[in-house]
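Please walk through the charged side-chain contacts of this protein, and explain how they are placed along the chain and how accessible the partners are.

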Amino acid sequence: MIASIYFLYSLNPHKIRDFAGFLFYITHMRGISSKEFGIQAEMSCFPFGVTAAADAGGGRGDKALLDSFMLKNAVFVGVNIKNNHTDFTRTEAKLMQYGDKAIGLKVYFDTTVSEVSDITPLRETCEFAREKGLRVMVHCSHSPVSMAEILNTLGEGDLLTHSFHGGANNAAEDGFESMRNAQKRGIVIDVGMAGHVHTDFGVFQKAIQCGVVPDTLSADITKYSAYTRGGRYGMTMCMNIAKTLGMREKDIFRSATANPAKALGKDDEWGYLKVGRKADIAVFDYTDEGFDLTDRAGNHIQNTKGYRCVLTVSDGQVVYKN
């Protein structure tokens, strides 16, 4: 998810210090996320310049397994929702197993995967998280309530992912006003591309045109999405999509570096180079990496250029070279 600093050939080298780190943000790691989604951690990250990641939905494994990964990591522990209420029994157990690796809770506030009918489960989760000193990440696709109600329930430091989905109760329905207000309150707006499943390119582009820039850009990669684009789906493709839709380059890199480090509460450990600490470095080129993509809503985008990771260094060691 993170590299302490990146180099992009097309940028002014004097501006490099403005972007501290390279962060992948959301992923689903094998052995931590469900068997359905989990993917080998390093293979889904290092080739795209990513050296640290947060698993979004950790319900398996433990701290020992996370410590065994070369990839720097953290985890959002999933919560169980049944009959429109949240049961924290298993969540409590997983928090103990993950220890200091657990930085937050993940809520699938989605009628297709959870038994939700109103805001109650999200409110219960937020109250529980406050008691534990944790942040909340909410998956908002197929929500039973408006985007405004979701965001009004969240607090400073909480995260909204899949923010630009094109289904009912999406951010565009109030002209992104609820999202603007949420960002002012310190709520983190994450794209959560999810292999183009949970992001409507039209909604994302409209948000950018309206001046609503996401705080963080993440891939939400799984073993399915990783191989649906010829093995090229990862952080760089998400960056390519954002750039093609009009997001400024400096905002793209900030949303993949310093912003996620801060959002994960890791800005004192990740996201910048420091004397005496082994370096994480990602080197990128913007070259003939063309792509032609269509999202689930039928929106089509293409470009003859794209970002390509040339080199990834983790803890001072070369872990990927192209």
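A residue is called buried when its relative accessible area is under 20% and exposed when that area is over 50%, with partly exposed covering the values in between. This is a predicted model, and it holds 15 salt bridges.

One of these salt bridges joins the side chains of D280 and K72, with 2.7 Å from N to O. D280 sits in the loop between α9 (258–263) and β11 (281–287), whereas K72 belongs to strand β4 (residues 72–78), so this contact ties together parts of the chain that lie 208 residues apart in sequence. Both D280 and K72 are buried.

Another salt bridge pairs K132 with E92, whose closest N and O atoms are 3.2 Å apart. This pair, too, links distant parts of the chain, since K132 is in helix α3 (residues 120–132) and E92 in helix α2 (residues 89–98), 40 residues apart. K132 has a relative accessibility of 40% and therefore counts as partly exposed, and E92, with a relative accessible area of 32%, is likewise partly exposed.

The salt bridge between E177 and R180, in which the closest N and O atoms are 3.3 Å apart, lies within a single helix, α5 (residues 177–184), where the two residues are three positions apart, about one turn of the helix. E177 is partly exposed at a relative accessible area of 39%, and R180 is partly exposed at 25%. Elsewhere, K63, D67, D100 and K101 are joined into one network by salt bridges that share partners.

Conventions. Residues numbered from 1 in each chain as written. Predicted model: local features only at pLDDT ≥ 70, side-chain atom pairs only at ≥ 80, totals over all residues. Heavy atoms only, no water. Salt bridge = Lys/Arg side-chain N within 4 Å of Asp/Glu carboxyl O. Helix = DSSP H or I, 4+ residues; strand = E, 2+ residues; numbered from the N terminus. Buried < 20%, exposed > 50% of the residue type's maximum accessible area, 1.4 Å probe, protein only.
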